[in-house]
Amino acid sequence: FIMAKQVEQLEKEKKELQERLKNQEKKIDYFERAKRLEEIPLIKTAYEEQRVRDMELWEQQEEERITTLQLEREKALEHKNRLSRMLEDRDLFEARLKALRRTVYEDKLKQFQERLAEERRNRLEERKKQRKEERRITYYREKEEEEQRLREEQLLK
């Protein structure tokens with residue numbers, strides 16, 4: 001009997017605990033929902049304020065970027081105007097330099113052409129000598145072979 005009462009008491013405590021947890025869960029849900037309902041307008045206003053600040057910051061940075069680009073353009077125009085006075089001197093210097101390099105190139109080309117012509121003459125002369133020598137050798141060889149053939153014919157007769 002005591003055991004049954006104890007089991008019954010435990011089950012009753014267990015149900016009470018579950019009911020308390022369920023009630024606590026509901027309270028927390030209601031509290032969170034209420035908190036969210038209260039926070040939503042605050043979050044929206046904070047978002048709008050942040051958006052306005054971001055827009056102002058962007059506009060400020062854009063203005064700074066534009067002014068720096070304008071300053072850079074003005075400086076570039078000043079440099080262009082300053083350097084345009086040197087344009088004639090640059091062209092004159094460039095023309096002199098090109099003429100000098102052209103003469104050096106032509107001299108080297110002339111030397112190369114002379115060496116090339118000399119080398120061609122030498123090779124042509126060498127080939128002439130070689131061909132002459134080959135013809136002489138073949139002539140003597142053919143003559144020798146003809147004499148050998150004639151001797152062999154006479155021996156056979």
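The questions below concern salt bridges in a predicted model.

Local features need pLDDT of at least 70 and side-chain atom pairs count only at pLDDT 80 or more, while totals for chains, interfaces and linings use all residues. Residues are numbered from 1 along each chain as its sequence is written, and side-chain values use heavy atoms, with hydrogens and water left out.

Q: How many salt bridges does the count come to?
A: Side chains of opposite charge can pair when their charged atoms come close. A salt bridge here is a side-chain nitrogen of Lys or Arg within 4 Å of a carboxyl oxygen of Asp or Glu. By this rule the count is 12.

Q: Which helix holds both Lys35 and Glu32?
A: The side chains of Lys35 and Glu32 form a salt bridge, N to O 3.3 Å. Lys35 is partly exposed at 34% relative accessible area (buried is under 20%, exposed over 50%, partly exposed in between, with a 1.4 Å probe and protein chains only). Glu32 is partly exposed as well, at 28%. Helices are DSSP runs of H or I with at least four residues, numbered from the N terminus; the two residues are 3 apart, about one helical turn, in helix H1 (residues 2-84).

Q: What is the N to O distance between Arg121 and Glu118?
A: Both residues lie in helix H2 (residues 87-156), 3 residues apart, about one turn of the helix. Glu118 is partly exposed, with a relative accessible area of 36%. The salt bridge between the Arg121 and Glu118 side chains has an N to O distance of 2.5 Å.

Q: Which residue is linked with Glu146 and Arg149 in a network of salt bridges?
A: Glu146 and Arg149 are 3 residues apart in helix H2, and their closest N and O atoms are 2.2 Å apart in a salt bridge. Glu146 is partly exposed at 36%, and Arg149 is partly exposed at 38%. The network links these two with Glu153.
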